[in-house]
Amino acid sequence: MSTFAPAPGRAPMRTILARQIRMELLLTARRGEAVVLAMGVPLLVLLGAGLFDVTNLPTDDRLGWVVPGVLALTVMSTAFTGQAITTGYERSYGVLKRLGASPLTRPGLLLAKTAAVLVQIAVQVAVLALVGLAVGWRPEAGALLPAVGVTVLAAAGYSGLALLLASVLKPETTTGAATLIYVVMLSVGGIMFGAPDLGVAGWFLLPLAAHAEALRETLMHGGSVPLGIWLALGTWAVVWLTAAARNFKWE
């Protein structure tokens, strides 16, 4: 007869991370109104600015200009604005405090949230790209790999900044700050209008403009991503993720 031999201990970290990522995705799916909002604004911009002469663009290929910008806007909306607001309220409601008592480490939580955001972004970008293709957008498919690379960097940088704000500010303040930054980036990030020409420095100050420019350079022209954009988005990812890891608070 076999004897039951309990083996208490913490699950492997990969298992803990996988379960937390799954939980983050389930919680996101349950916030249907947030998902609709995150998709609704970019979709309206895509159809409005891409199909109608509502703004003056520096090209006759409206969809070629607008769709990459909308994809960049979606990344910021999900990885930064939505993430900052949601995490801020999770901290306020004590959700993060309870996670802090679990085997999940602080870097593990940040990694899980960023990974879940990347999965959500992949789905949203795919949907918007399909809508763009349906209404006439014709991207350069050969430049897809660098477009994905800069998108991952942009999402990581936005996620780091979102988690940092949610950790050091009150949830109401986080909501206001995240919304203000979103509106400013939407206004001057070159989505519906040409971005201000600030040179390479502008890519470090306006990551949305840098991301949109990179996607246009690849998907619209089939070119390569300028080195300055790689450096700008890479700097955002490293700086903000590092700052979030060092300053993140459970409560």
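**Exercise 1. Which span should the 14 residues of helix α9 have, and how far apart are its end C-alpha atoms?**

Start with the residue range: helix α9 covers residues 207–220. Helices here are DSSP runs of H or I with at least four residues, numbered from the N terminus. The expected span is 1.5 Å times one less than the number of residues. For the 14 residues of α9 that gives 20 Å, and the end C-alpha atoms lie 19 Å apart, which agrees.

Before going on, keep in mind that this is a predicted model, in which local features need pLDDT of at least 70, side-chain atom pairs count only at pLDDT 80 or more, and totals for chains, interfaces and linings use all residues. Residues are numbered from 1 along each chain as its sequence is written, and side-chain values use heavy atoms, with hydrogens and water left out.

Finally, look just past the helix: α9 is followed by Gly222, which has a positive phi near 70°.

**Exercise 2. How many residues of α9 are buried, and what covers them?**

First, the criterion: buried means under 20% relative accessible area, exposed over 50%, and partly exposed in between, using a 1.4 Å probe and protein chains only. By this criterion 12 of the 14 residues of α9 are buried. Among them are Pro207, Leu208, His211, Arg216 and Met220.

Next, find the cover, taking contact as heavy atoms within 4.5 Å. The elements over the buried residues of α9 include α3 (62–92), α6 (144–168), α7 (171–188), α8 (199–205) and α10 (227–247).

**Exercise 3. Which residues join Lys113 in a network of salt bridges?**

Begin with the cut-off: a salt bridge puts a side-chain nitrogen of Lys or Arg within 4 Å of a carboxyl oxygen of Asp or Glu. The whole structure holds three salt bridges.

Take Glu24 and Lys113, whose side chains meet at 3.2 Å, N to O. This pair links distant parts of the chain, with Glu24 in helix α1 (residues 13–30) and Lys113 in helix α5, 89 residues apart.

Then take Lys113 and Glu90, a salt bridge of 2.8 Å, N to O. Here Lys113 in α5 is tied to Glu90 in α3, 23 residues apart. Shared partners thus join Glu24, Glu90 and Lys113 into one network.

Now check the burial of each member. Glu24 counts as buried at 7% relative accessibility, Lys113 is buried at 1%, and Glu90 is buried at 9%.

Add a neighbour: Gln83, found in helix α3, is buried because its relative accessibility is 7%. Leaving aside residues up to four places away in sequence, Gln83 touches Thr78, Lys113, Thr114, Val117, Ser159, Ala162 and Leu163.

**Exercise 4. Are Arg62 and Asp53 buried or exposed?**

Locate the pair first: Arg62 forms a salt bridge with Asp53, with the closest N and O atoms 3.4 Å apart. Arg62 is buried, with a relative accessible area of 13%, whereas Asp53 is exposed at 70%.

**Exercise 5. Which helices each supply at least two residues of the lining of the second largest pocket?**

The helices are α3, α5 (106–134), α6 and α9. Of the 21 lining residues, Leu71, Val125, Leu144, Val148 and Thr151 lie nearest the pocket's centre.

Definitions and conventions:
1 Å grid on protein atoms, 1.4 Å probe; cavity = no way out; pocket = protein on both sides within 12 Å on 5 of 7 lines; lining within 4 Å.
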